[in-house]
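Please look over the sequence and the model below before reading on. The paragraphs that follow go through charged pairs, nonpolar cores and helices in turn.

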Amino acid sequence: MVRERLTGSDDIGRLGSVLQIDFPHFVFEDLEQVWWYYEANENQPVPTMNDLQQLFLSKPFREPSRLLKSRVKSLKEWLMSLPEERIVVVSHGDLLRVLTGRWLDNAELFEFDVSLEIEDDDSGSESDAE
């Protein structure tokens, strides 16, 4: 839920199995192999990293705003269900903008109250071709 919005090839991550090998002290069992957004076909097997890079190079794509907003809504619902009064969320620019309603500086500390309202403004981001 807290991953960056895919807007460029630099937002393509590493497969879950690779992360498990590289970081054995963390548990990645609930992480999908391909945990970032990509345009998949229904019956397509899990792509390799090379497949994903070639796909992006041949036809650049970005995560649609509606999917990002849906992820942020799920994140907010989950945060609101937790008993803790203060929770730290570490993420990336596009997701944090939709979560908080404002652009944050790199490594900025920002305190806010979670509500289920979702920021509709897509300013500072390229519009989706949907």
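With which residue does R86 form a salt bridge? In this predicted model, the partner of R86 is E111, and the closest N and O atoms are 3.3 Å apart. The two residues come from distant parts of the chain: R86 sits in the loop between α3 and α4, while E111 belongs to the segment after α4, 25 residues apart. Both ends of this bridge are open to the surface, since R86 has a relative accessibility of 67% and counts as exposed, and E111 is exposed with a relative accessible area of 62%.

The structure holds six salt bridges. Another of them joins R3 to E63, at 3.9 Å from N to O. Here too the pair links distant parts of the chain, with R3 in the segment before α1 and E63 in the loop between α2 (49-58) and α3, 60 residues apart. E63 also bridges to R71, where the closest N and O atoms lie 2.8 Å apart. Through shared partners, R3, E63 and R71 become one network. Within this network, R3 is partly exposed at 23% relative accessible area, whereas E63 is buried at 1% and R71 is buried at 9%.

E4, in the segment before α1 (16-22), is a charged residue without such a partner. E4 is buried yet has no salt bridge, and the nearest side chain of opposite charge, that of R71, is 6.2 Å away. The cut-off for a salt bridge is 4 Å, so the pair of E4 and R71 does not count as one. Beyond its neighbours within four places in sequence, E4 has contacts that include E63, R71, H92 and L95.

Next, the overall fold. The chain has four helices and zero strands, and buried residues make up 31% of its 130 residues. Of the contacts between residues at least 6 apart in sequence, 59% join residues at least 24 apart.

Nonpolar side chains tend to be buried together in soluble globular proteins. The largest nonpolar core in this chain has 10 residues, including L6, I12, L15, W36, L52 and F61. Apart from that core lies another, of eight residues, with L68, V72, L95 and L99 among them. In the largest core, L52 touches I12, V34 and W36, among others.

Helix α4 (residues 93-100) is mostly covered, with seven of its eight residues buried. D94, R97 and T100 are among these buried residues, and the buried residues of α4 pack against α3 (65-81). Just after α4, G101 takes a positive phi of about 90°.

Conventions
Residues numbered from 1 in each chain as written. Predicted model: local features only at pLDDT ≥ 70, side-chain atom pairs only at ≥ 80, totals over all residues. Heavy atoms only, no water. Buried < 20%, exposed > 50% of the residue type's maximum accessible area, 1.4 Å probe, protein only. Contact = heavy atoms within 4.5 Å. Lys, Arg positive; Asp, Glu negative; His and termini not counted. Core = buried A, V, L, I, M, F, W, Y, C linked by side-chain atoms within 4.5 Å.
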